[in-house]
Amino acid sequence: MVVATSPHIENPLLRGDGFPPFDRIQVSHVEPAVRQLLQELTQELEALEQSFTPTWEGLVEPLERLSDRLNWTWGIVNHLTGVKNSPELRQAYEAVQPEVVEFDTRLGQSRPLYEGLKTLAASPEFQRYPSARKRIVEAAIRNAEHSGVGLTGAAKERFNAIQLELAELSTRFSNNLLDATKAFRLKLTRPEEVAGLPPSLLALAAQTARQDGIEGATPETGPWHITLDFPSFGPFMQHSQRRDLREQLYRAYISRAGRGDWDNRPILERILALRLEEAQLLGFNSYAELSLAGKMADSVAAVEKLLEELRQVSYAAAVRELEELKAFAAAQGAPEANNLQHWDIAYWAERQREALFDFNDEELRPYFPFPQVLEGLFGLVKKLFGVTVVPADGQVPVWHPDVRFFAILDENNQTIAHFYLDPYSRPAEKRGGAWMDECLGRAKYRIQGEWRTRLPVAYLVCNQTPPLDGKPSLMTFSEVETLFHEFGHGLHHMLTRVDEAGAAGINNVEWDAVELPSQFMENWCYHRPTLLGMARHYETGEPLPEHYYEKLVAARTYRAGSALLRQLHFSLLDLELHHRYRPGQGETPQQVRDRLAQTTMILPPLAEDAFLCSFSHIFAGGYAAGYYSYLWAEVLSADAFAAFEEVGLENEQAVAEMGRRYRDTILALGGSQPPMQIFKAFRGREPITEPLLRHRGLLSVN
């Protein structure tokens with residue numbers, strides 16, 4: 001390997017702090033930068049092990065500096081694999097990933113540092129620490145134990161081999177799904193094949209055809225290429241009048257990464273086997289028990305109790321909803337009415353919603369141009385939390401021309417945070433879904449004896465409909481909700497007031513509490529002043545008619561039982577696979593899913609349904625034995641929003657006061673205190689499930 005003579009100057013990935021220099025980073029920088037950095041950090045780690053004092057300054061601070069340098073470099077590489085994926089970047093990433101995992105494992109298993117942390121935790125000085133420092137030290141001790149610090153000999157070697165293999169499998173799972181999604185095209189050439197499709201989808205499908213090399217494709221005359229990327233797949237399933245084509249697209253979607261070159265089945269089976277072995281090496285009965293050891297829920301039983309409570313309510317509602325949908329389809333003369341299949345549900349549900357509430361998703365798009373939605377979101381954040389979001393485009397390099405950059409100012413016009421926003425779908429290089437990630441975390445550092453505060457910086461990534469044919473991105477209401485959701489995560493990261501890096505923002509927040517601020521923000525999409533303030537027609541400037549607002553609110557709980565049951569299916573499946581499932585002993589993962597589907601799905605999955613092969617939350621993300629967190633945190637977020645309802649949503653002063661209280665507790669305190677303690681500081685009591693069921697319209701269902 002050739003290393004440049006002045007790598008810290010020439011290799012932008014070795015800068016180690018500040019905004020990433022995206023304009024200078026090349027794929028060729030990845031391997032030399034990561035290898036050089038790991039070499040330096042290994043030397044630092046060895047020096048620290050030889051000579052440290054078991055104090056905050058003598059042990060925790062140098063450890064944080066060490067982790068921070070790795071996180072800066074590897075965080076950028078990780079981010080680029082999600083938003084700028086390419087065969088060359090994959091190759092570079094996969095070449096050094098095992099070395100990063102090995103270093104991480106070496107750090108986690110450092111016996112001298114572990115003993116030092118335990119000595120610190122047992123010292124009289126520790127008792128005088130603020131809560132944030134105590135929780136950081138306690139989490140570091142627990143993380144070391146979960147990293148195998150107590151293992152020796154063959155058990156340690158096996159544990160380390162498992163870590164390497166799991167990291168590699170997770171990357172392969174993600175890449176297979178991206179490639180399988182990207183490879184499919186439903187190519188339509190005749191007008192009758194696009195019957196019922198809205199203009200926005202025709203424009204997207206023609207643009208996709210042009211990107212595929214058919215230069216003359218237009219929305220009016222085609223050809224039209226439909227993909228498995230959600231802005232294409234979702235509207236097609238809702239609006240295509242061609243049942244045969246809906247079936248073809250649905251079958252392609254559910255079998256993604258389920259066969260051929262991109263088959264994720266053997267990968268996910270191997271992941272489950274390795275996770276179980278890892279947990280057992282650490283003394284746990286299952287991976288779910290290991291996962292919950294660091295979460296808010298204290299046991300699998302506690303999680304299953306909540307999920308079963310919600311399942312009973314939602315199953316009864318979902319059964320009724322399907323019967324109502326069949327009756328509706330029959331009334332429209334649909335020959336399939338008594339035998340609705342999976343590819344019929346979205347189509348007929350959209351027709352039923354149009355009939356019940358007299359509007360559809362497409363009618364609303366012109367009222368939600370992206371720039372205006374952003375303006376509305378930022379206005380709400382100012383009202384609630386007293387902070388101002390201002391554009392800062394051009395101040396830092398970005399990874400794609402569509403990426404925006406913003407600063408957040410406090411009440412005194414001082415900058416307190418920044419964020420990048422990458423809003424549009426780019427299926428060729430960007431993974432699906434939406435997420436917030438940390439670019440830089442808030443931290444107070446001593447540099448040459450001087451204290452400095454590093455401000456937090458977030459990545460906010462969505463996959464909404466891109467601008468088409470000279471129009472701005474016209475968002476579906478669901479895309480608006482997704483943007484608000486991710487911005488809630490961003491606020492949690494950016495409005496923290498904790499100066500200790502290990503507990504600032506989302507750091508050290510129990511995983512099942514981390515969705516609270518994101519789900520909380522979604523509620524404001526239904527807040528009349530917020531919605532009507534941002535919804536104006538992109539051509540005429542005409543505000544969204546009042547009747548649309550009323551219908552949106554009424555439609556919020558439409559098919560609520562089915563929606564909740566779907567989340568419960570994912571949550572219970574995740575738990576079952578990580579708690580009771582045993583590889584090679586009876587059931588396959590697919591059979592586990594089919595069994596659970598009997599009580600969590602109204603229509604059983606098709607034989608070729610390979611949903612598990614695309615369940616990247618648990619096989620390529622951080623949600624293994626943690627998918628239930630969405631519902632656990634929704635109990636918290638619904639109850640938090642209920643506090644605003646109780647003071648009166650139209651009472652601006654009371655809402656602003658409650659907003660400051662929310663900011664000062666939920667958002668400001670990050671991981672410095674246990675989440676239940678923070679919730680009680682905001683709400684004055686423990687959470688209750690009633691607001692969640694009320695918001696979902698399920699309170700009166702027996």
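# Salt bridges, backbone exceptions and internal spaces

Glutamate 686 is partly exposed, with a relative accessibility of 44% (buried is under 20% relative accessible area, exposed over 50% and partly exposed in between, for a 1.4 Å probe and protein chains only). The model is predicted, so local features need pLDDT of at least 70 and side-chain atom pairs count only at pLDDT 80 or more, while totals for chains, interfaces and linings use all residues. Residues are numbered from 1 along each chain as its sequence is written, and side-chain values rest on heavy atoms, without hydrogens and water.

## Salt bridges

Glutamate 686 pairs with lysine 680 in a salt bridge of 3.8 Å, N to O (a side-chain nitrogen of Lys or Arg within 4 Å of a carboxyl oxygen of Asp or Glu). Its partner, lysine 680, is also partly exposed, at 37%. By this rule the structure has 54 salt bridges.

Another pair is glutamate 44 and arginine 69, whose closest N and O atoms are 2.5 Å apart. These two residues are 25 residues apart and link distant parts of the chain, glutamate 44 in helix α2 and arginine 69 in helix α3 (helices, H or I with at least four residues, and strands, E with at least two, are DSSP runs numbered from the N terminus). Glutamate 44 is partly exposed at 35%, and arginine 69 is partly exposed at 22%.

Arginine 696 meets glutamate 634 at 2.9 Å, N to O. Because arginine 696 lies in the segment after α28 and glutamate 634 in helix α25, this bridge ties together parts that are 62 residues apart in sequence. Both ends are buried: arginine 696 at 17% and glutamate 634 at 15%.

A network of salt bridges joins Lys84, Asp422, Arg426, Glu429 and Lys430.

## Backbone exceptions

Most residues other than glycine have a negative phi, and most peptide bonds are trans. Arginine 559, in the loop between α21 and α22, has a positive phi of about 55° and is buried at 16%. Alanine 625 has a phi near 55°, lies in the loop between α24 and α25, and is buried at 0%. The peptide bond from glycine 222 to proline 223 is cis, with omega near -5°; proline 223 is in the loop between α9 and β2.

## Cavities and a pocket

On a 1 Å grid over the protein atoms alone, a cavity is a set of points where a 1.4 Å probe fits but cannot get out; a pocket is an open set with protein on both sides within 12 Å along at least five of seven lines, and lining residues have an atom within 4 Å of a point. Volumes are the space filled by probe spheres on points joined across faces, edges and corners.

There are two cavities of 30 Å³ or more. The largest cavity holds about 110 Å³, and its lining includes His492, Val509, Gln673 and Ile678. Helices α19 and α27 each give two or more residues to that lining. The second largest cavity holds about 40 Å³; α12 contributes the most to its lining, with three residues.

The second largest pocket has a volume of about 390 Å³. Among its 22 lining residues, Thr208, Gln211, Arg426, Pro427 and Ala428 are the closest to its centre. Helix α9 gives the most to this lining, with six residues.

In the table, Ala, Val, Leu, Ile, Met, Phe, Trp, Tyr, Cys and Pro are nonpolar, Asp, Glu, Lys and Arg charged, and the others, Gly among them, polar.

| Lining | Nonpolar | Polar | Charged |
|---|---|---|---|
| Largest cavity | eight residues | three residues | no residues |
| Second largest cavity | five residues | one residue | two residues |
| Second largest pocket | seven residues | eight residues | seven residues |
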